[in-house]
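Here are a few short exercises to work through with the structure open beside you. Try each task before you read its solution.

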Amino acid sequence: MRRAPSAALPAPTTGERHDWQTLKSLFPFIWAYKGRVLFALACLVAAKGANVSVPIIFKHLIDGLTITPEQAFIVVPAALLLAYGALRFSTSLLTELREVVFARVTQQAVREISLRVFRHLHALSLRFHLERQTGGLTRDIERGTRSIGSLISYTLYSILPTLIEIGMVIGILLANYDAVFALITLCALTIYIVFTVKVTNWRTALRREANELDSAANARAIDSLINYETVKYFNNEEFEARRYDEQLQKWTKAQVTNQYSLSALNVGQAAIIAVAVTAMMWQAAGRVASGEMTIGDIVLVNAFMIQLYIPLNFLGVLYREIRQSLTDIERMFGLMHTHREIADAPDAHTLPTGPASVRFENVSFAYDAKRPILFDVDFDIPAGSTVAVVGHSGSGKSTLARLLYRFYDVQGGAIRIDGHDLRSLTQDSLRAAIGIVPQDTVLFNDSLYYNIHYGRPNASREEVEAATRAAQLEDFIRQLPEGYETRVGERGLKLSGGEKQRVAIARALLKNPAILIFDEATSALDSRTEKAIQAQIERAAEGRTALVIAHRLSTIMDADEIIVLDKGRIVERGRHALLLAQGGAYAQMWLLQQQEETADSAAAGVRDDGADAKSFAAPAGGVA
Ligand code: ATP
């Protein structure tokens with residue numbers, strides 16, 4: 001196994017310097033395969049040598065034929081013809097050999113860079129992922145990785161060989177003919193290259209704009225398709241199509257401008273080459289007429305020009321493609337420079353395993369500095385006990401869970417586990433200690449088994465089945481024709497809300513962490529399933545530290561402490577009975593929910609006995 005090169009990736013800047021930096025940072029990934037690179041380069045030089053020799057042999061062949069026909073037929077052609085054939089073949093052979101040897105270098109570089117970007121994206125904060133649109137992001141990565149292959153092949157397979165060939169041709173012309181031929185070739189090439197680079201640089205801005213519009217159109221389409229159901233609910237297919245088309249129109253306009261500028265460039269390049277070829281032939285023809293050059297010489301000069309003309313014609317395209325690839329790679333590398341909002345401290349330590357107490361110590365927090373969400377929130381969850389947080393929608397309950405997971409850092413106060421500030425712990429060890437049943441469960445587009453097993457990838461099948469049983473999922477899975485192998489659809493959309501929630505419970509149970517967070521874990525379940533699961537959750541929470549965010553108060557009445565949050569502040573706290581007795585916000589919420597449940601039960605013709613039967617996690621008799 002080769003070690004991935006430890007190249008620093010370029011910081012986002014602009015212009016030429018940036019391109020060099022991008023190239024420089026790619027270099028170590030390629031140089032890791034030194035032997036192959038050097039062998040490929042040797043093949044390259046040899047192939048070009050053979051290629052340049054072909055017109056020379058051809059010249060001798062023609063000159064030989066012209067002087068003495070008998071000799072030409074008997075001696076000269078036999079050797080030269082064989083050499084001619086051998087050289088032609090060896091050019092192709094060496095080129096293929098180079099490609100075969102180099103293929104592994106390119107593909108490994110692509111693999112290593114893709115993997116790095118992927119790891120980095122997972123290391124970036126939740127804020128980054130919430131703000132970036134996945135469609136645009138994947139497009140950037142896809143284009144970036146594809147461009148690595150293109151860039152390497154363009155530079156190594158096209159630009160470098162062309163430069164080597166140009167050098168050889170100019171050398172041969174200088175050594176054998178009037179300097180005017182080398183001069184014309186050199187001048188034409190210089191003008192050609194300068195023209196191409198200048199025009200291409202101007203076009204790069206147009207390309208960038210087209211790319212951005214392309215990503216934007218793609219992101220819009222993906223966002224719309226992800227929201228398929230919502231679009232249908234509101235009959236907004238036309239509206240969505242119009243929004244997509246708006247983006248497409250801008251993109252089309254940019255692409256058309258792009259094409260105009262491309263044609264202008266191509267015409268200019270062709271004109272430079274045409275003038276150069278004519279001048280060369282003019283000079284050669286004059287010299288043949290005056291006897292200074294042979295017919296073979298004019299064939300040689302012509303063959304050189306044609307031979308150079310072909311790759312030169314591509315040089316413009318290649319330069320553009322290389323610039324484009326560099327732009328794409330730079331964009332992908334730009335992701336690598338996105339600041340990691342949450343990073344392990346240099347001296348971060350591992351959270352010891354075992355029972356853990358949690359402390360929110362005067363925590364203040366804002367997602368956006370202009371809008372504070374939590375104010376001075378202070379509470380403890382002693383190891384093995386359960387604290388429930390209730391409050392109106394938007395009061396900051398789920399935010400507490402996100403902070404405990406350290407998706408964000410607090411701005412004031414601290415969160416501690418067993419006295420360790422979260423910021424002093426490694427994120428790995430912190431997250432290993434916490435299991436969550438989130439409010440909205442999103443599943444991988446894979447089988448049910450895969451999704452449950454995800455909770456602890458090294459768990460045995462028996463353990464997965466036990467967790468499934470504990471989450472009351474077994475009956476459901478048994479009735480599916482494909483059982484555990486049933487695929488759940490994109491984001492788990494083929495399952496009902498309650499089924500998804502039970503999968504989430506099963507995988508949190510499988511993870512078997514010291515701290516459990518239930519973020520409205522049973523909100524999508526009907527009361528019968530809720531009751532059944534509640535008992536399992538209680539069992540699962542036993543001996544663990546649990547933070548329970550609940551909407552239905554009946555599910556948390558046995559918690560060791562209930563925190564009532566209002567607009568980010570703790571307004572009441574205590575046990576269920578105490579809070580009821582206080583007659584404050586909690587008591588009001590309780591009353592309201594009781595009335596609702598009674599009304600619901602009455603409507604369904606069922607006796608309302610749910611509240612008493614449902615309780616959470618705390619030892620019996622926990623109600624004060
Ligand atoms: P609910 O019961 O509806 O789930 P909640 O009490 O759990 O609500 P939170 O999800 O904690 O509420 O959100 C608290 C506030 O923070 C809300 O007003 C929400 O708009 C805001 N908020 C949540 N996530 C973000 C975010 N990533 N960026 C900015 N604001 C956010």
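The exercises below concern a predicted model, beginning with the whole protein and ending at the ligand.

**Exercise 1. The overall fold**

Task: Find how many helices and strands there are in the protein, and what share of its residues count as buried.

Solution: Start with the secondary structure, which comprises 20 helices and 10 strands. Next, turn to burial: 47% of the 624 residues count as buried, that is, under 20% relative accessible area. Then look at the surface, where the protein exposes about 31,200 Å², with 59% of it supplied by carbon and sulfur atoms. Finally, take the contacts between residues at least 6 apart in sequence: 77% of them join residues at least 24 apart.

**Exercise 2. The shell around the ligand**

Task: Work out which elements each supply at least two residues of the shell around the ligand, and describe the shell by class.

Solution: Begin with the elements, which are β2 (371-381) and α11 (397-404). Of the shell, α11 gives the largest share, with four residues. Now sort by class: eight residues are polar, four are charged and four are nonpolar. Among the 16 residues around the ligand, those that come nearest are Arg371, Ser393, Ser398, Thr399 and Gln439.

**Exercise 3. Polar contacts and burial**

Task: Locate the ligand's polar partners at Thr399, Ser395 and Tyr408.

Solution: First, an N or O atom in the Thr399 side chain is 2.4 Å from a ligand oxygen atom. Second, a polar backbone atom of Ser395 lies 3.1 Å from an oxygen atom of the ligand. Third, a nitrogen atom of the ligand is 3.5 Å from a polar side-chain atom of Tyr408. To finish, consider the ligand's surface: taken alone it exposes 640 Å², and the protein buries 71% of that.

Terms used
Residues numbered from 1 in each chain as written. Predicted model: local features only at pLDDT ≥ 70, side-chain atom pairs only at ≥ 80, totals over all residues. Heavy atoms only, no water. Near = heavy atom within 4 Å. Polar contact = N/O pair within 3.5 Å; in protein donor to acceptor, adjacent residues only side chain to side chain. Areas by Shrake-Rupley, 256 points an atom, 1.4 Å probe, with all protein chains shown as cover. Nonpolar A, V, L, I, M, F, W, Y, C, P; charged D, E, K, R; others polar. Buried < 20%, exposed > 50% of the residue type's maximum accessible area, 1.4 Å probe, protein only. Contact = heavy atoms within 4.5 Å.
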